[in-house]
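These are my notebook entries on a structure that I am looking through for the first time. I begin with the aromatic rings and then turn to the surface.

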Amino acid sequence: MTATPSVEKFAPLVGQALAVGDAEAVPSLTLTSASPIASAGAADRPAFSLLFCGAWHSEFRKSTYTLAHAALGSLAVFLVPLGRDG
C-alpha cells in the first residue's frame, strides 16, 4: 500500500479475507468491521479500528503482521488478539 491506511480504504473490504504474512501462525483473517474512532489528542490523521475474525491459532500473539489484499497491496499492521469467538 503506497497511500496512508484509512478507514475509507478498509471499509469496502468488510467481509473479505486478508492474507497474513506469517501464514503458519494465521493463514488469513476476515475483516468484520472498519470503524472510525475518536482520537484523544492531536493526531496527524484520523484514528480507526479494524476487527478481524479467523481460526484460532495458539501461536498468534500481539505483534506486527503483514496483511495483503489485491485492493490494498501489503502493509504492516500491529494486531492484538481479543480472544476466541463463542
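I looked up Phe 10 first and found that, at 1% relative accessibility, Phe 10 counts as buried, where buried means under 20% relative accessible area, exposed over 50% and partly exposed in between, with a 1.4 Å probe and protein chains only. I note that this is a predicted model, in which local features need pLDDT of at least 70 and side-chain atom pairs count only at pLDDT 80 or more, while totals for chains, interfaces and linings use all residues. Residues are numbered from 1 along each chain as its sequence is written, and side-chain values use heavy atoms, with hydrogens and water left out.

I then looked for aromatic pairs and found one in the structure. Phe 10 and Phe 48 form this pair, which is tilted, with 6.0 Å centre to centre and 35° between the planes; rings of Phe, Tyr and Trp (its six-membered ring) pair if their centres lie within 6.5 Å, and planes under 30 degrees apart count as stacked, over 60 as edge-to-face and the rest as tilted. Phe 10 lies in helix 1 (residues 7-10) and Phe 48 in strand 3 (residues 48-53), so the pair ties together parts that are 38 residues apart in sequence; helices (H or I, at least four residues) and strands (E, at least two) are DSSP runs, numbered from the N terminus. Phe 48 is partly exposed, at 24%.

My last entry is on Thr 32, which I found in strand 2 (residues 28-36) and which is partly exposed at 43% relative accessibility. Thr 32 and Phe 52 are 20 residues apart in sequence, yet 5.3 Å apart in space, C-alpha to C-alpha.
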